[in-house]
Amino acid sequence: QVQLVESGGGLVQAGDSLRLSCAASGGTFSSYAMGWFRQAPGKEREFVASISRSGGGTSYADSVKGRFMISRDNAMNMAYLQMNSLKPEDTAIYYCAARDLFTMKFDYWGQGTQVTVSS
């Protein structure tokens, strides 16, 4: 069973960039597709981006397409979310998640990292 720990959040100004990291342990990292989700205050958790097990396929929410980029390093058991041109509406807790190969669901979650974008 994989454990996930996010890092890299913080307080930035609109237009700035941040890179979130997700460190995985306790499982075979390359067997999991990875995703990033976020939850803003008073809102439901929403999908941000995902990446296939090999890293060859990615998917993005329309709201972040062209600004965010998801990547992974299977040798280092890491996933990343590069966030550029940040907007105040990107303010949220960002969660890293791993999708189980058999259930095809994001069954494993990190504790989240706060991203705050000031205008």
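**Aromatic pairs and charges over rings**

At 27% relative accessibility, Trp 109 counts as partly exposed. This residue belongs to a predicted model, and the views below show its ring and others. The structure holds four aromatic pairs, and two of them are described in the first two views.

**View 1. Tyr 32 and Tyr 108 form an edge-to-face pair.** The ring centres are 5.8 Å apart, with 85° between the planes. Tyr 32 is in the loop between strand E3 (18-25) and strand E4 (33-39), whereas Tyr 108 is in strand E10 (residues 106-109), so the pair ties together parts of the chain that are 76 residues apart in sequence. Tyr 32 is buried, at 9% relative accessible area. Tyr 108 also counts as buried, at 17% relative accessibility.

**View 2. Phe 37 and Trp 109 form a tilted pair.** Their centres are 4.9 Å apart, and the angle between the planes is 55°. Phe 37 belongs to strand E4 and Trp 109 to strand E10, and the pair links these distant parts of the chain, 72 residues apart. Phe 37 is buried, with a relative accessible area of 11%, whereas Trp 109 is partly exposed.

**View 3. Ring pairs join four residues into a cluster.** The members are Phe 37, Phe 47, Phe 106 and Trp 109. Arg 45 lies over the face of one of these rings, that of Trp 109, at 3.7 Å from the ring centre.

**View 4. Arg 72 has its charged end over the ring of Phe 29.** The distance from this charged end to the centre of the Phe 29 ring is 4.4 Å.

Technical notes
Residues numbered from 1 in each chain as written. Predicted model: local features only at pLDDT ≥ 70, side-chain atom pairs only at ≥ 80, totals over all residues. Heavy atoms only, no water. Phe/Tyr/Trp six-rings, centres within 6.5 Å; stacked < 30°, edge-to-face > 60°. Helix = DSSP H or I, 4+ residues; strand = E, 2+ residues; numbered from the N terminus. Buried < 20%, exposed > 50% of the residue type's maximum accessible area, 1.4 Å probe, protein only. Lys NZ or Arg CZ within 6 Å of the ring centre and 35° of its normal.
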